[in-house]
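I am opening a notebook on this structure and will write down what I looked up, entry by entry. The sequence and the model come first, and my notes follow.

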Amino acid sequence: MLKEAVEGQVTVVCNAIAASVQFQVEPVGRWFEAFLKRRDRNVSASFQELEEEEELSEESEDEELQLEEYPMLKTLDPKDWKNQDHYAVLGLGHMRYKATQKQIKAAHKAMVLKHHPDKRKAAGEQIVEGDNDYFTCITKAIEILSDPVKRRAFDSVDPTFDNTVPSKSEGKENFFEVFAPVFERNARWTTKKHIPKLGTMDSTFEEVDNFYSFWYNFDSWREFSYLDEEEKEKAECRDERRWIEKQNRASRAQRKKEEMNRIRTLVDTAYSCDPRIKKFKEDEKARKESEKKAKAEAKRREQEEKERARQAELEAARLAKEKEEEEAKQAALQAKKEKDIQKKAIKKERQKLRTTCKNWNYFADSEAESVKMMEEVEKLCDRLELASLQSLNEVLASGSKEESKAAVEKQVQEVNAQLQREKEAEVQARQASRSVEQASSGSGGGNKGWNEEELQLLIKAVNLFPAGTNARWEVIANYMNLHSTSGIKRNAKDVINKAKNLQKLDPHQKDEINRKAFEKFKKEHTAVPPSVDNAVPSERFEASGAEANTASWTTEEQKLLEQALKTFPVSTPERWEKIAAVVPGRTKKDCMKRYKELVEMVKAKKAAQEQG
Amino acid sequence: MHFLLAKIYKLFFNWVSSGSPSPQFPVSRRAFTASMAAIGVHFGYTCACVAIFKDGRADVVANDAGDRVTPAVVAYRDTEQIVGIAAKQGRIRNAANTVVKVKQILGRSFDDPEAQKHVAESKCPVINKGDKPRYEIDTGEDTKIVSPEEVAKLVFHKMKETAQSALGSDVTEAVITVPFEFGEMQKNALRQAAEGAGFNVLRLIHEPSAALLAYGIGQDTPTGKSHVLVYKLGGTSLTVTVMEVNSGLYRVLATHTDHSTGGESFTQALAQHLASEFKRSFKHDVTGNPRAMMKLMNSADMAKHTLSTLGSSNCFVDSLYEGMDFDCNVSRARFELLCSSLFNKSIQPIKALLEQVGLSTCDISKVVLCGGSARIPKLQQMIQELFPDVELLSSIPPDEVIPVGAAIEAGILVGRDSSSLDEDSITVDCCARDILMKEADDSGADVYTVLFPSGTPLPARRQHTLRGPGSLSSVCLELYQSEGRNSTPQEKVAQIVLSDLEPKEENHDIVTVITMKRDGSLHVTCTEQGSGRSEAVTVAVAS
């Protein structure tokens, strides 16, 4: 119920209404279709009206059809129907290929109702009899347009269609304005649905790509049978018909080819003009460039990094080395300094010792003793270390004369003992080196030691197999291996080396060998008389002797011994001690033993000579 | 201009038709419609279903195996391709050459996270070829590379065959449904697959809209506005959508998709239970054996279906593991217990979604159930509990709702001369606010009547016949606009006063025509029927 208006209330607008908003709706349902239809026609029918009209919807749809009278209709020449615009004739000039079958039928109906000769006759119009009336054109139009095949043929050559293709220069300027309508009007020839739009400058790569792939693969239904010059139906016989067909087919193919070329040119032109393609290409190029740059950059950086690392390493190494050197230098300096200090200290100490000793008059009473003591003190000065010198000096400084003397003497003794020890060690070392020398000379050039027996064997073998024997040295080696008791395997090379060595030996060495061989021979001969039982203790004796005398007498020692024997005659007191002192590395016992051996040897020789 | 011409022609035609009545048009058209059949195809993640629109009704047709729903499974064996139930059953032995859930990677690039998920799950090897995923099929001698579109094409082809065998004639016109979240690429891929199978795709429509269309919501009386919840629990995904129906047009307000919940989750839960039962009785763990698990899954699937109608079901698997047969009874209560957390998870999104769009459960006027798993009684009960006063629409089997809706849309579109829709998304100018009128009820208190609900597509026109007490000599019509759902007036827009009326016995009949243009400007005309006195106002749009 509406309320009563209050006194003074008038019709008035008090506020503006909110503007409409846009929503996305689902494209389903009949109301959506109705809405679409209304929107397309730009009419605002209310729902109520639509509801009422629902039953009449079939008609209402047709009612929407708008016809435009073709002004020249009456002037049309029925003979020239082929060149007439069928859509215009039916009043559908504005709809053309978009007109539905239903609309065409409705339009035809309307035309018939208006222009049928009977109708006009009834209206009192003069009618030209026969086919010459313009109504024939209407009939022809419906005939063409109601047949899908014929209509397609006519649509294909639609006279209002603009076949032009924009040139490159035109397209360069404002690409989208020029090409969008061209593509739009050419899209009607496609057999496919969902025609991609040219889009805008902001279209994505996919959209553009899709667009061009659509147009490059354009599948057109356009055909040119409508332009056939000859009509098949007019032919009189089969042959003629065939000929016509052939002619037509050729011309159609030709036109179709032209059409395809046209489309191709259009797309090519568009493609070449398209600023987006250019942009994409540039983008791509830029992308590649940047990628390349980035790659190069990365590589360069890597290189730099490497270089830097290497430099750093080198630097570090250099620094370390420098530091080391510096340290070494410092250490050396320090050591030198220390050494200097020590030297100085030691000098001082020595001086101190000397003065102290001098002060004490070398603890001696007599001149000779003091000289001897002086010598000793000098020795002490030479030998003693800084620390012991210091301690000694301290003792000397603090102690009385007796104590000092005792201390000095003790030190002297110690030093002497040390000296003695050193001397012995030296002698030992010399002996050892000598023995090694001897051993090496004994073994000759070969790596493996050659003992006396083997040498004998070798000489024997060499004599047994004189030069010229086939594979002489091998044979010798074999012989030696067979007969050797040492168990060392010799090969030809060893043997040949040794043999050469032997040949090269100086006469002295030869003598020695000979002598040794003789000694051995003698020993063997002398050793023959004792029974086998004695062999063990004798060996033992030898072994014990070997303990004292590590090596057999060398010629040098022999010489020294002989010399000593001559220098120190029998009358000399402590003769053997002196001899031993002259022969280094030999004790008195050794020398005596050797002497006895020699005497026996000489005696034996003499006996032999006497016997001989 | 066109409008004018239409008017002229209308006059002209009326004159013409009065001269010679022409009855043949409606007849011919009717014949035309009858001969043209159209189909709606729902191509889901797990199943595909086809419905035929014929003679004014849409019906799902059964396939050659007698099932109304065909598994969207394609198996490659030697030279042949098997689609449907045979492929699904053969999957136990031929898993590497069987493609399932192809829709998941359809139209996606290889790096797409969804596609990656599919690649990880698929037993059929998927390779990357030019950033597009491809299936690698081992055909014995050599490996074949198959694109997802080809697989989808085979499924579509199967659906086409199914429809053809039911119709007895060729059928090409089809409407295909797509999930709301599908992107442009995926839609194109689906369209290509359907066209590859020989369909003429009339339109791709969203699944929730198809569901609404199947029940004809808002199709009979196009006035008014309501909200509908579409609950779709399919094989692998759960989709909840809130839709606004306004003047017969549908609009998606919000949608939520969960790809981790679906019928398969329930089957999985049941299969796990069966496996533990088997372990309990035979001391063998079959969970590590894929073939045994697949057998169990199939058995669980059957049991699940049975439990939607019966109180208990028997699961029997011949020679499940090392020749041992498995036999077990599952009660519905047990099943519900096993899946209780899944049920909760399935219900959860509804509330969140309603909150998102700012609606309460009582604002929802209808709930549409779709997807096979929406059959589960417990789930229906839980949804009913959520919406105590709302009707749950499940008269059409839930897994057939979407194809039926698609078929209805196909029926609407077929025979139209220009059914193709260039734009995929249609934006429509809509009324921004509720337009209300103040009236007094019998007791004299103020009541507000909604003339244009917000969201009404524009342009729109409404005609109301208002009544005023006959005793009055003047009546006042007050118009308000308001935002929000509570319909409390916020702003007075205009008032229209009709004065100097002649008092009479009956009520004054005042015909009010309200027209709103696309920009939102309002034009109101009030005419008193008795005296012919009228008043009009035009309310401009706020700039």
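**Entry 1: a three-stranded sheet**

In which sense do strand 5 and strand 6 of chain B pair, and over how many bridges? I found that strand 5 (residues 73-77) and strand 6 of chain B pair in the antiparallel sense, over four bridges; pairing here requires that DSSP finds at least two bridges between two strands. Strands are DSSP runs (E, at least two residues), as helices are (H or I, at least four), and both are numbered from the N terminus.

Before going on I noted the conditions: this is a predicted model, in which local features need pLDDT of at least 70 and side-chain atom pairs count only at pLDDT 80 or more, while totals for chains, interfaces and linings use all residues. Residues are numbered from 1 along each chain as its sequence is written, chains are lettered from A and ligands numbered from 1 in the order in which they are written, and side-chain values use heavy atoms, with hydrogens and water left out.

Looking at single residues, I saw that R77(B) has E80(B) in strand 6 of chain B as its bridge partner. The open sheet to which these strands belong has three strands in the order 6-5-7 (chain B), with antiparallel pairing. Strand 6 (80-83) and strand 7 (98-100) of chain B are its edge strands, each pairing on one side only. On average, neighbouring strands of this sheet are turned by 20° against each other, direction ignored; axes are lines fitted to C-alpha atoms, for helices over the stretch in contact, and angles run from 0 to 180 degrees between N-to-C directions. Helix 5 (residues 148-167) of chain B packs on the sheet and touches strand 5, strand 6 and strand 7 of chain B, where contact means heavy atoms within 4.5 Å. The direction of helix 5 makes about 110° with that of strand 5 of chain B.

**Entry 2: a five-stranded sheet**

I then turned to an open sheet of five strands in the order 15-14-13-18-19 (chain B), in which the pairing is mixed. Strand 15 (249-258) and strand 19 (391-393) of chain B stand at the edges with a single partner strand each, so one side of each is left without a neighbour in the sheet. Strand 14 (residues 238-246) of chain B runs antiparallel to strand 15 of chain B and is joined to it by nine bridges. One of the pairs I checked is V240(B) with H256(B), its bridge partner in strand 15 of chain B. Helix 11 (residues 340-357) of chain B packs on this sheet, touching strand 13 (225-233), strand 14, strand 15 and strand 18 (364-370) of chain B.

**Entry 3: two helices side by side**

How do helix 8 and helix 11 of chain B run relative to each other? The axes of helix 8 (residues 263-282) and helix 11 of chain B come within 10 Å and cross at roughly 170°. The two helices are therefore roughly antiparallel, a word used for angles over 145 degrees. At their contact, S265(B), F266(B) and A269(B) in helix 8 of chain B meet L342(B), F343(B) and S346(B) in helix 11 of chain B.

**Entry 4: cores and burial**

I read that 52% of the 543 residues of chain B count as buried, meaning under 20% relative accessible area with a 1.4 Å probe and protein chains only, whereas exposed means over 50% and partly exposed lies in between. The largest nonpolar core (buried Ala, Val, Leu, Ile, Met, Phe, Trp, Tyr and Cys residues joined through side-chain atoms within 4.5 Å) has 51 residues, and those with the most contacts inside it include Y231(B), I350(B), V367(B) and I383(B). I383(B) touches, among others, Y231(B), I347(B) and L392(B), not counting residues up to four places away in sequence.

**Entry 5: the strands 26, 27 and 28**

Strand 26 (residues 508-516) of chain B is joined by seven bridges to strand 27 of chain B, and the two run antiparallel. Between strand 27 and strand 28 (residues 534-539) of chain B, also antiparallel, I found six bridges. C526(B) stands opposite E535(B) in strand 28 of chain B. Strand 27 (residues 522-528) of chain B has a covered face with L522(B), V524(B), C526(B) and E528(B), and an uncovered one with H523(B), T525(B) and T527(B).

Technical notes
Angles under 35 degrees count as roughly parallel, over 145 as roughly antiparallel, 65 to 115 as roughly perpendicular and the rest as oblique.
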